[in-house]
Amino acid sequence: MSNQKYRVVVVGMGKRGMHHATTFHANPRFEVVGICDIDAARLEAAKVKLGNPKTGTDAAKLAAEVKPDVFCFCTLPNLRVPMIEAAVKSGAKLVAFEKPVALTSIEAFKMKALLDGAGVKAVVSHQHRYGSHYQKIKQIAASGALGRIHTVYGSSTGWMTHMLSHLIDYARWYTGEPEAEWVMAQAAGRIKFADNHPSPDYIAGVVQFAGGIRGWFEAGAGAPDQPEVAKWWGKNRIGVQGTEGFAEVLTNGGWRALSRRDGYQSGDGAMNYEADMPPYIQDMADWLDGKAVHPCNFASAYKGFEIMAAMQRSAAQGGQVALPLTAPADEQALLKSVVAERTVLVSDPVNKKEFGLV
Ligand SMILES: NC(=O)c1ccc[n+]([C@@H]2O[C@H](COP(=O)([O-])OP(=O)(O)OC[C@H]3O[C@@H](n4cnc5c(N)ncnc54)[C@H](O)[C@@H]3O)[C@@H](O)[C@H]2O)c1
């Protein structure tokens, strides 16, 4: 077993940056050698919890100085390309960053070109995959108990730039990561364009996957309540259906399945960062060691991103959008230019508060 210690820089000492940094610090295969934030107070507070690594307010400068093996950034979604550039320039072997992959395909095309051009591995934090309730649905879908899988769906009350990336990633995983052929969608509501996860208030669409698999996705104020789940951000349902049965997970509401072969089954489970982060981080060491490719690898996340971008293009421009995307576009600008001024209609009063409608 390799015991090489991989040197890590973590950029962004907010909620997710601290989850990443403390998990790297707790894993003997990694050493946090640098941390960065533009907020000096956050940096000082973080430093003492992470073995007093080097600190800096300029990520590119810090990475150039410490030359990490792993460049991890957990800044908000508006910052992607400059971080990938800094990572690649520093010679990092792996970049780990947060969802969503990007706000626009202009950025995503550049990111892909930079990473592929330099041969740098990358991982995107769709770490719900590590939840035992999420994994149960994967096991059932892969076991053949559902027969021929023909439908997959994902629904979240949280808005697009926060949640859609998660829904699509897990739906692709449950169906064996089929290629998406085309997408068609609609969007409504302008309140969350001003958010730090800029989004239409509601987006909903269909995806045609290879192998005759239909995907249904929706995120935001018009998505249904999930009455089994109390925590608003956990009201996400992802499910898969086949000729012999169904299975679905709720982010904060366990899982259930019904199939001809195994009858009715169910279990608990709630998304838990403390449980999900250690194996997510360990799989980075394994990938760097040359063992299995990380399940949350960029190539897979990028396919999910294309679906998300295509939904936005369809909502803005109408009709079906063929995949893969062949030319970049600014999906944010496209949506902002056409989504009507009309206030979004909620599916349930439970959605009003987070959209400032009460
Ligand atoms: N995977 C998940 O389950 C999950 C959950 C929540 C958030 N997220 C994602 O994580 C990302 C970060 O979210 P968060 O909640 O941790 O945000 P946050 O606001 O708590 O933290 C962001 C940090 O980045 C810092 N920052 C901003 N610009 C910077 C720069 N140029 N250089 C260095 N630092 C800079 C900020 O000062 C802040 O400390 C987002 O993309 C979000 O969508 C993912």
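Before I begin, one term: a residue is near a molecule if one of its heavy atoms lies within 4 Å of that molecule. Please also keep in mind that the structure on the screen is a predicted model.

Let me start with the ligand. There are 25 residues around the ligand, and those that come nearest are R16, D37, R42, K99 and H197. The space that the ligand takes up is the largest pocket. Turning to individual polar contacts, we find a ligand oxygen atom 2.8 Å from a polar backbone atom of R16, while an oxygen atom of the ligand lies 2.9 Å from an N or O atom in the side chain of K99. A nitrogen atom of the ligand, in turn, is 3.1 Å from a polar backbone atom of S125. Taken alone, the ligand would expose 850 Å², and the protein buries 83% of that area.

R16 brings us to helix 1, which covers residues 15–26. This helix has twelve residues, and the distance from its first C-alpha to its last is 17 Å, close to the 16 Å expected at 1.5 Å a residue. Which residues of helix 1 are buried? They are R16, G17, M18, H20, A21, T23 and F24. As background for reading such a list, an α-helix has 3.6 residues a turn, so residues three or four places apart point the same way.

Next comes helix 7, residues 160–174, where the 15 residues should span 21 Å at 1.5 Å a residue, and the end C-alpha atoms are 20 Å apart, which agrees. Is helix 7 enclosed by the rest of the structure, or open? It is largely enclosed, because 15 of its 15 residues are buried. Just after helix 7 we meet G176, which takes a positive phi of about 85 degrees.

I would like to finish with two single residues. The first one, Q312, sits in helix 9, residues 298–317. Why does Q312 count as buried? The cut-off for buried is under 20% relative accessible area, and Q312 counts as buried because its relative accessibility is 2%. A polar atom of the Q312 side chain also lies 3.1 Å from the backbone oxygen of M308.

The other residue is A247, which lies in strand 12, residues 245–250. With a relative accessible area of 1%, A247 is therefore buried as well. If you look for H25 on the screen, you will find that its C-alpha atom and that of A247 are separated by 36 Å, with the two residues 222 residues apart along the chain.

Notes: Residues are numbered from 1 along each chain as its sequence is written. This is a predicted model: local features need pLDDT of at least 70, side-chain atom pairs count only at pLDDT 80 or more; totals for chains, interfaces and linings use all residues. Side-chain values use heavy atoms; hydrogens and water are left out. Helices (H or I, at least four residues) and strands (E, at least two) are DSSP runs, numbered from the N terminus. The expected span of a helix is 1.5 Å times one less than its number of residues. Buried means under 20% relative accessible area, exposed over 50%, partly exposed in between (1.4 Å probe, protein chains only). A polar contact is a pair of N or O atoms within 3.5 Å; within protein, one must be able to donate a hydrogen and the other to accept it, and residues adjacent in sequence count only if both atoms are side-chain atoms. Accessible areas come from the Shrake-Rupley method with a 1.4 Å probe; for residues, only the protein chains shown count as cover. On a 1 Å grid over the protein atoms alone, a cavity is a set of points where a 1.4 Å probe fits but cannot get out, and a pocket is an open set with protein on both sides within 12 Å along at least five of seven lines; lining residues have an atom within 4 Å of a point. A molecule sits in a cavity or pocket if more than half of its atoms lie within 2 Å of its grid points.
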